[in-house]
Amino acid sequence: MKKNLDSLGNVSVFLSLLCAIHCAATPILVGVVSLMGIGFVMDPFWEVCLLIISNLLAVVALFSSFRNHRKTLPFILFGLSLLLIVPGLVIHQHLLIFPGVLLTAAALLLNWRYSKQAGCAHSHA
């Protein structure tokens, strides 16, 4: 079960980083995608789906690891990220979504680091 939760945390980090890349590359890709005829990739619907899935996975990863390390900083970073992501989605503004996604990725990476430290604490103490 713990291995599945670790994998879920890795998927969540990957999706957050993928979203950050998407936000950063959108201005460049708009023209290229239009010329290639695959405009559905830039549809806001898929952007919202990706953000919802990645944030749900982030919540699961954060809560499942919290029992192990008891650190609140990942939750604070994640909460701040949602304060940027949600309004950014409402007004479809990547200038808000992009830093929010980076904060989500930072929260998940910090959560992962805390989990690894807590898991190793018994063998190094």
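Among contacts in the protein chain between residues at least 6 apart in sequence, what percentage join residues at least 24 apart? I found 71%, a contact being heavy atoms within 4.5 Å.

**Ground rules.** I worked on a predicted model, in which local features need pLDDT of at least 70 and side-chain atom pairs count only at pLDDT 80 or more, while totals for chains, interfaces and linings use all residues. I numbered residues from 1 along each chain as its sequence is written, and side-chain values use heavy atoms, with hydrogens and water left out.

**Overall layout.** I looked up the secondary structure and noted 4 helices and 0 strands, in the order α-α-α-α along the sequence. Helices (H or I, at least four residues) and strands (E, at least two) are DSSP runs, numbered from the N terminus. I then checked burial: 32% of the 125 residues count as buried. Buried means under 20% relative accessible area, exposed over 50%, and partly exposed in between (1.4 Å probe, protein chains only). For the accessible surface of the protein chain I recorded about 7600 Å², with 75% belonging to carbon and sulfur atoms; the areas come from the Shrake-Rupley method with a 1.4 Å probe, and for residues only the protein chains shown count as cover.

**Helix α2.** I compared the span of α2 with its expected value, which is 1.5 Å times one less than the number of residues. The 26 residues of α2 reach 36 Å from first C-alpha to last, close to the 38 Å expected. I listed its buried residues, among them Glu47, Asn55, Leu62, Ser64 and His69. Serine 64 lies in this helix, which covers residues 44-69, and counts as buried because its relative accessibility is 14%. I followed its side chain to the backbone oxygen of alanine 61, at 3.1 Å. Such a polar contact is a pair of N or O atoms within 3.5 Å; within protein, one must be able to donate a hydrogen and the other to accept it, and residues adjacent in sequence count only if both atoms are side-chain atoms. Just after α2, I noted a positive phi of about 60 degrees at arginine 70.

**Aromatic rings.** I searched the whole structure and obtained 2 aromatic pairs. The rings of phenylalanine 66 and phenylalanine 75 form an edge-to-face pair, because their planes stand at 80 degrees, with centres 5.4 Å apart. Rings of Phe, Tyr and Trp (its six-membered ring) pair if their centres lie within 6.5 Å; planes under 30 degrees apart count as stacked, over 60 as edge-to-face and the rest as tilted. Phenylalanine 66 is partly exposed at 22% relative accessibility, and phenylalanine 75 is partly exposed at 24%. I also noted that ring pairs link Phe63, Phe66 and Phe75 into a cluster.

**A charge over a ring.** I found the charged end of lysine 71 over the ring of tyrosine 114, 5.5 Å from its centre. The criterion is NZ of Lys or CZ of Arg within 6 Å of the ring centre and within 35 degrees of the ring normal.

**Helices α3 and α4.** I recorded 18 residues in α3 (residues 73-90) and a reach of 26 Å, close to the 26 Å expected. Its buried residues include Pro74, Leu77 and Phe78. Histidine 92, just after α3, takes a positive phi of about 50 degrees. In α4 (residues 94-124) I examined alanine 107, which is buried with a relative accessible area of 0%. Leaving aside neighbours within four places in sequence, alanine 107 is in contact with Leu62, Pro74, Leu77 and Phe78.
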